[in-house]
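I opened my notebook today to follow one small part of a protein, step by step. Here is what I looked up.

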Amino acid sequence: MLREAALRVTRPRVAVLSAVHENAHADTDSIIGQVRHDLPKVSHQAVYDVLRALTVAGLVRRIQPMGSVARYEARVGDNHHHVVCRSCGEIHDVDCSVGAAPCLEASDSHGFVIDEAEVIYWGLCAACAPESAEELH
C-alpha cells in the first residue's frame, strides 16, 4: 500500500498503518501505544508525521467529531459517515444513506464544486442509553 501511494516503506510507516487497520477510529495516543509495542523508541512526533503523510496519501482518513481528539481510520475511498455516542464517545461507521458522493445536496453551494458530504449522527450508544429510550424503539 505504501509503495502504491509513492511512499517509502519504513518501519514506523508500516507500524502506524497496521495500527490504524487494527483499530478503527483510534486516537493518536492509542496508535502511539500500539506502535511502541514493536518500536519502543518511536517518538510522538514520528507517529504524528507518519499519520499526516498517510492521510495526505489517502491511505488513512482523519476524523475529528466535535469535542473529540482526532481519530484515524483505514476505511477510505467511500463516502461513509459516523455515529458518535454523546456520553462515552464510541464511534461506528454508517454507510451513506443515499448513494454516490456527495450523498447530500447543499441548498446553496456558494460557487463551490462539492465532491463530498460529511455527516455525523449523534446520540447515545446502547450501553449509555437509558432503558426507557430503548423501549421507545
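**Four cysteines and a sheet**

I began with the record: UniProt, in an unreviewed entry, places the feature "binding site" at Cys85, Cys88, Cys125 and Cys128. I then checked how these four lie in space, keeping in mind that the model is predicted. They span 44 residues in sequence, yet no two of their C-alpha atoms are more than 8.1 Å apart, so they gather at one spot.

Next I picked out Cys88. I found it in the loop between S4 and S5. Leaving out residues up to four places away in sequence, Cys88 touches Cys125 and Cys128. Is Cys88 buried or exposed? Its relative accessibility is 46%, so I noted Cys88 as partly exposed.

Then I turned to Cys128, which sits in the loop between S6 and helix H4 (131-136). With the same neighbours in sequence left out, up to four places away, Cys128 touches Cys85, Ser87 and Cys88. Cys128 has 27% relative accessibility and therefore also counts as partly exposed.

Now for the strands. I saw an open, mixed sheet of three strands in the order S5-S4-S6. S5 (91-94) and S6 (120-123) are at the edges with a single partner strand each, so one side of each has no neighbour in the sheet. On average, neighbouring strands here are turned by 25° against each other, direction ignored.

I looked at both pairings of S4 (residues 81-85). S4 and S6 run parallel, joined by four bridges, and Val83 has Tyr121 in S6 as its bridge partner. S4 and S5 run antiparallel, also with four bridges, and Val84 stands opposite Ile91.

My last stop was the hairpin of S4 and S5, with five residues between the strands. In its turn, Gly89 has a positive phi of about 85°.

Methods: Residues are numbered from 1 along each chain as its sequence is written. This is a predicted model: local features need pLDDT of at least 70, side-chain atom pairs count only at pLDDT 80 or more; totals for chains, interfaces and linings use all residues. Side-chain values use heavy atoms; hydrogens and water are left out. Two strands pair if DSSP finds at least two bridges between them. Helices (H or I, at least four residues) and strands (E, at least two) are DSSP runs, numbered from the N terminus. Axes are lines fitted to C-alpha atoms, for helices over the stretch in contact, and angles run from 0 to 180 degrees between N-to-C directions. UniProt positions are given in the numbering used here, feature names are shortened, and annotations may be inferred rather than shown by experiment. Buried means under 20% relative accessible area, exposed over 50%, partly exposed in between (1.4 Å probe, protein chains only). Contact means heavy atoms within 4.5 Å.
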